[in-house]
Amino acid sequence: MELLNSVDWYLTKINNAQAALLETPPPADIDYLRFNHGVYIESIFSLIDYMNDTNNSISDGVKSKTGSDFFYFRTLRNAIVHRGFDLSMRGAVINGNTRVLTPDNVVYNGEPLPTPTEPVLLKATMHLDVVMRTVLIQRLEYLGALNVKEIDENVEFEKLCSFIESDKHLPLFVKEMFVQNIEEIKKSLRFEEVNRDGINKLYSKLSPVNTIIALSKI
């Protein structure tokens, strides 16, 4: 559950930053563009690194499908995080939206890295994003993390009761209210349904389809 909760949070940041960047009509708000591009790129690599930290690496799969662009974006991410790199120095108005152009001054060991073939930074990042999502889905499915599990409602309710009883930070009146209404609470809780809904929402949030559709319209 912790794995899925963390993946969900990173996807929330990724999706929100992407949505913020899709519609950016002039005049350009440079800070807005810089901030959301930074969040988008940082969050993609934070999710990749999180999967590595949990021994569920997706790095090799993403690298194999993105080639040198993976190292370019990894280096760009490090420059943003550690040196405050300003990726909004070059831009253009394309199809009625202000677009940041892919930086050509990303440097590693004193040498500029070759830029992705896609000149628009948002589109180049979205290409990386689609690959990351696809590989991540494959990994989560391999782990069985996206399977809806059969849940013993009684066992889960007993766990909840035990937690409430033993937690030292819950006010006494809250515990008393829980005990007084325990039968009604038990009838209202559907642990398996909540689990199923959570998995379905995560699938929707994780799917690369919306990103692919948006790419086709930029």
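**Aromatic pairs, a cavity and a loop residue**

Both Tyr10 and Tyr50 are buried, and these two residues offer a starting point for reading the structure, which is a predicted model. Their rings form an aromatic pair of the tilted kind, with 5.8 Å from centre to centre and 50° between the planes. Tyr10 belongs to helix α1, which covers residues 2-22, while Tyr50 sits in helix α2, so that the pair links distant parts of the chain, 40 residues apart.

This pair is one of four aromatic pairs that the structure holds. Another of them joins Phe71 and Tyr108, whose rings meet edge-to-face, at 4.9 Å centre to centre and with 80° between the planes. Because Phe71 lies in helix α4 (residues 68-83) and Tyr108 in strand β3 (residues 107-108), the pair ties together parts of the chain that are 37 residues apart in sequence. The surroundings of these two residues can be described through their accessibility: Phe71 has a relative accessible area of 36% and is therefore partly exposed, and Tyr108, at 42% relative accessibility, also counts as partly exposed.

From the rings we can turn to the empty space inside the model. When the whole structure is searched, one cavity of 30 Å³ or more is found, and the space within the largest cavity comes to about 40 Å³. Its lining is made up of Leu21, Leu33, His37, Thr98, Arg99, Val100, Val120 and Leu122. Two elements, α2 (30-53) and β2 (97-100), each give two or more residues to this lining, and it is β2 that gives the most, with three residues. Sorted by class, the residues around the largest cavity are five nonpolar, two polar and one charged.

Helix α2, which holds Tyr50 of the tilted pair and contributes to the cavity lining, also leads to the last stop. In the loop between α2 and α3 (59-66) lies Asn56. Is this loop residue buried or exposed? Its relative accessibility is 11%, and because buried means under 20%, Asn56 counts as buried. The side chain of Asn56 reaches back to the backbone oxygen of Thr54, at 3.0 Å. If the neighbours within four places in sequence are left aside, Asn56 is in contact with Met51, Arg139 and Leu143.

Technical notes:
Residues are numbered from 1 along each chain as its sequence is written. This is a predicted model: local features need pLDDT of at least 70, side-chain atom pairs count only at pLDDT 80 or more; totals for chains, interfaces and linings use all residues. Side-chain values use heavy atoms; hydrogens and water are left out. On a 1 Å grid over the protein atoms alone, a cavity is a set of points where a 1.4 Å probe fits but cannot get out, and a pocket is an open set with protein on both sides within 12 Å along at least five of seven lines; lining residues have an atom within 4 Å of a point. Grid points are joined across faces, edges and corners, and a volume is the space filled by probe spheres set on the points. Helices (H or I, at least four residues) and strands (E, at least two) are DSSP runs, numbered from the N terminus. Ala, Val, Leu, Ile, Met, Phe, Trp, Tyr, Cys and Pro count as nonpolar, Asp, Glu, Lys and Arg as charged, and the others, Gly among them, as polar. Rings of Phe, Tyr and Trp (its six-membered ring) pair if their centres lie within 6.5 Å; planes under 30 degrees apart count as stacked, over 60 as edge-to-face and the rest as tilted. Buried means under 20% relative accessible area, exposed over 50%, partly exposed in between (1.4 Å probe, protein chains only). A polar contact is a pair of N or O atoms within 3.5 Å; within protein, one must be able to donate a hydrogen and the other to accept it, and residues adjacent in sequence count only if both atoms are side-chain atoms. Contact means heavy atoms within 4.5 Å.
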